Amino acid sequence: MTVSVRRVVGAAAATALLCSAVAACGGGDDKGSEKASGTGSQSVAQAVKAAYTKTSAAKSAKVDMTMKMPTAAQGGGDMKMSGTMGWDPTVMDMTMSGAALSGGGADAPKNIRMLMQDNVMYMDMGANAAKTMDGKRWMKMDLAAMAKKSGDEKLASQMTGSLDNMNQDPAQQIAVLLDSPNLKHLGSATVDGAETQHYKGKLTVDEMLAKNDSLKVLGKSERDQLLKNVKKAGIKTYDTELWINKDDLPVRLDVTMDSSQGAIQMSEKFSDYGAAVKADVPPASQTFDMMQMLKELGGASGGAGSSTGSAS
């Protein structure tokens with residue numbers, strides 16, 4: 001293996017970036033409906049709750065997502081993802097492109113196809129990667145298996161939590177919006193030719209972290225440090241906007257986080273609810289394991305810890 005690792009780690013970092021953003025707006029349940037209703041916005045809460053119910057039952061949709069990071073931030077720029085996502089069970093066939101991949105070098109792929117099935121992610125690193133990876137172009141990331149091998153229960157919980165965050169379906173995101181104490185209706189709006197109703201809610205950093213189930217594995221000191229780091233970045237609130245069509249299904253969901261380096265914006269559009277999703281994962285002969293590769297590189301450079309640290 002040659003050090004085409006920059007491409008691999010660059011793409012992995014882009015995926016982690018995506019997961020971090022999506023984790024900020026997912027991971028809850030529908031218990032927030034009563035809280036929203038109690039603020040005097042019962043009809044608003046009922047409308048959003050109806051969207052949660054319909055979306056949860058749909059189990060899949062086509063997704064187009066754009067994420068904008070401040071250019072001053074590490075990995076800044078735009079990133080796009082499009083494809084089909086299924087939830088319950090988790091399955092994904094998406095293509096990623098944009099500035100987040102630029103860290104991989106000039107010969108890195110312009111687009112990366114991402115497949116997810118049975119809690120394993122596969123990323124197509126392109127023909128150039130295959131030339132330096134024994135003819136294998138698909139990078140495999142089985143975080144749950146890695147955690148199991150480690151024998152570390154806490155690590156296993158963190159990794160499986162990360163996998164859950166990769167599939168923050170719109171139903172989960174709506175559930176978190178229902179927890180906003182100031183959920184309101186902004187009126188009607190047209191989105192891609194469809195008549196919709198526009199809603200908005202805001203959560204503080206503390207409220208959002210409290211709703212993120214994947215963070216429950218952290219101890220109090222770790223959670224306090226995470227909260228401190230988020231606030232140090234200048235992020236105080238998460239603004240979420242939702243557009244729901246006449247069938248009680250979300251067609252667009254936006255999340256904005258203001259940071260000291262500028263606004264972080266994520267916009268998702270949903271269509272074709274209930275669409276069939278099938279991730280035709282590549283055979284083992286075409287895949288290489290990212291964790292194993294980092295371990296080998298770490299050994300070559302004098303220790304796996306240095307490799308893992310640089311990847312992070």
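User: Let's start with strand pairing: which residue of S11 stands opposite Thr256?

Analyst: That's Gln265, the residue facing Thr256 from S11. Keep in mind that this is a predicted model. The general idea is that strands of a sheet pair through backbone hydrogen bonds, either parallel or antiparallel. Here S10 and strand S11 (residues 262–271) go the antiparallel way, over 8 bridges, and they form a hairpin with 2 residues between them.

User: And what does S10 do with S9?

Analyst: S9 and S10 are also antiparallel, joined over 7 bridges, with Asp239 standing opposite Thr256. So Thr256 is a handy landmark: look for Asp239 across from it in S9 and Gln265 across from it in S11. S9 and S10 make a hairpin too, with 4 residues between them, and Asp248 in that turn has a positive phi of about 65 degrees.

User: Is S10 (residues 250–259) largely enclosed or open to the outside?

Analyst: Largely enclosed by the rest of the structure, because 7 of its 10 residues are buried.

User: How do I read the whole sheet, and what is its strand order?

Analyst: Walk across it from one edge to the other. The sheet is open, has 12 strands and mixed pairing, and runs S7-S8-S9-S10-S11-S1-S2-S3-S4-S5-S6-S12. Strand S7 (184–191) and strand S12 (287–289) are the edges; each has a single partner strand, so one side of each lacks a neighbour in the sheet. On average, neighbouring strands are turned by 20 degrees against each other, direction ignored. Further in, strand S8 (residues 194–204) runs antiparallel to strand S9 (residues 237–245), with 9 bridges between them. In that pair, Tyr199 sits opposite Leu242.

User: Now the packing. Which residues have the most contacts inside the largest nonpolar core?

Analyst: In general, nonpolar side chains tend to be buried together in soluble globular proteins. In this model the largest nonpolar core has 50 residues, and Val48 and Met123 have the most contacts inside it. A second, separate core has 6 residues, including Leu115, Val120, Tyr122 and Trp138.

User: What is Val48 in contact with, leaving aside its neighbours within four places in sequence?

Analyst: Ile174, Leu177, Leu178, Leu183, Tyr199, Leu242 and Ile244. You've met two of them already: Tyr199 and Leu242 stand opposite each other. Ile174 and Leu177 are among the buried residues of H7. Helix H7 (residues 170–177) has 7 of its 8 residues buried, so the rest of the structure largely encloses it.

User: What about a polar residue: is Ser60 buried or exposed?

Analyst: Buried, because its relative accessibility is 6%, and buried means under 20%. Ser60 belongs to strand S1 (residues 60–69). A polar atom of its side chain lies 2.6 Å from the backbone oxygen of Ala275. Beyond its sequence neighbours, Ser60 is in contact with Met85, Gly86, Trp87, Asp272, Tyr273, Gly274, Ala275 and Val277.

User: Last one: which element has the lowest mean pLDDT, and which the highest?

Analyst: Helix H11 (residues 304–311) is lowest at 36, and S7 is highest at 95. The protein averages 73, with 60% of the residues scoring at least 70. Over residues 1–42 the pLDDT is below 50, although that stretch has 107 contacts in the model beyond near neighbours in sequence. Residues 303–312 are below 50 as well, with 11 such contacts. Where pLDDT is low, the predicted coordinates should not be read in detail.

Conventions:
Residues numbered from 1 in each chain as written. Predicted model: local features only at pLDDT ≥ 70, side-chain atom pairs only at ≥ 80, totals over all residues. Heavy atoms only, no water. Core = buried A, V, L, I, M, F, W, Y, C linked by side-chain atoms within 4.5 Å. Buried < 20%, exposed > 50% of the residue type's maximum accessible area, 1.4 Å probe, protein only. Contact = heavy atoms within 4.5 Å. Pairing = 2+ DSSP bridges. Axes fitted to C-alpha atoms, helices over the stretch in contact; angles between N-to-C directions. pLDDT = per-residue confidence, 0-100. Polar contact = N/O pair within 3.5 Å; in protein donor to acceptor, adjacent residues only side chain to side chain.
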